[in-house]
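Q: Could you take a close look at one part of this model for me, the charged side chains and what surrounds them? I'd like one connected walk-through rather than a list.

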Amino acid sequence: MKNTRLTYLCAILVLIPIGLLSRRIGWFPDACGDALWSMMVFCCWRIVLVRSKLSVVAIASLITAYAVEFSQLVKYDWLDRFRATFVGHMMLGQGFLWTDLVADTAGIAIIFVTFALFCVNTHYQ
């Protein structure tokens, strides 16, 4: 269990800088950053739900990603001010796009399949 958490923490530490770089490099499609963000959400949930099946983690990740995306339709001054900060923008994004839901779904599907196929500790799959 400790190794599983460490694996997902390492994945988060790799995904965050790649996701940040994807926003700085012009030839990366915007969807890549969204997919990488949802992969990071998957890893965060996996750390919390370490004894759960990967499918449960994927569902929790999709719910989280969709909730964050749909929350962008909500307009409160305090929330918009938070979204205007770097941290708020990275956590909650700005502006609802249907294509972000596709990118989130693709990112979670990619990381789900990757860990399902290549994870050494398959006990909780």
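**A buried arginine and its surroundings**

A: Let's start with R46, which is buried but has no salt bridge: the nearest side chain of opposite charge, D104, is 19 Å away. Keep in mind that this is a predicted model. As a bit of background, side chains of opposite charge can pair when their charged atoms come close. A salt bridge here needs a side-chain nitrogen of Lys or Arg within 4 Å of a carboxyl oxygen of Asp or Glu, and with D104 at 19 Å, R46 goes without one.

So what does the R46 side chain have beside it? A polar atom of that side chain lies 2.5 Å from the backbone oxygen of S52. As for where R46 sits, it is found in helix 2.

Now for the contrast. Searching the whole structure turns up 1 salt bridge, and it joins the side chains of R83 and D80, with 3.6 Å from N to O. Why are these two well placed along the chain? They are 3 residues apart in helix 4 (residues 77-83), which puts about one helical turn between them. The two ends of the bridge differ in burial: R83 counts as buried at 3% relative accessibility, while D80, at 30%, counts as partly exposed.

Another arginine worth a glance is R5, found in helix 1. R5 is partly exposed, with a relative accessible area of 34%. Its C-alpha atom is 9.2 Å from that of C44, although R5 and C44 are 39 residues apart along the chain.

Back to helix 2, the home of R46, since this helix also matters for the pocket lining. The largest pocket has a volume of about 610 Å³. Of its 27 lining residues, R23, G33, D34, W37 and M90 are the closest to the centre. Which elements give two or more residues to the lining? They are helix 1 (2-24), helix 2 (30-48), helix 3 (54-71), helix 5 (86-92) and helix 6 (98-118). Helix 2 supplies the largest share, with 7 residues. Sorted by class, the lining has 13 nonpolar, 8 polar and 6 charged residues.

To pull the arginines together: R83 has D80 as its salt-bridge partner, whereas R46 is buried without a salt bridge and has the backbone oxygen of S52 2.5 Å from a polar atom of its side chain.

How values were computed: Residues numbered from 1 in each chain as written. Predicted model: local features only at pLDDT ≥ 70, side-chain atom pairs only at ≥ 80, totals over all residues. Heavy atoms only, no water. Helix = DSSP H or I, 4+ residues; strand = E, 2+ residues; numbered from the N terminus. Buried < 20%, exposed > 50% of the residue type's maximum accessible area, 1.4 Å probe, protein only. 1 Å grid on protein atoms, 1.4 Å probe; cavity = no way out; pocket = protein on both sides within 12 Å on 5 of 7 lines; lining within 4 Å. Points joined across faces, edges and corners; volume = space filled by probe spheres on them. Nonpolar A, V, L, I, M, F, W, Y, C, P; charged D, E, K, R; others polar. Lys, Arg positive; Asp, Glu negative; His and termini not counted. Polar contact = N/O pair within 3.5 Å; in protein donor to acceptor, adjacent residues only side chain to side chain.
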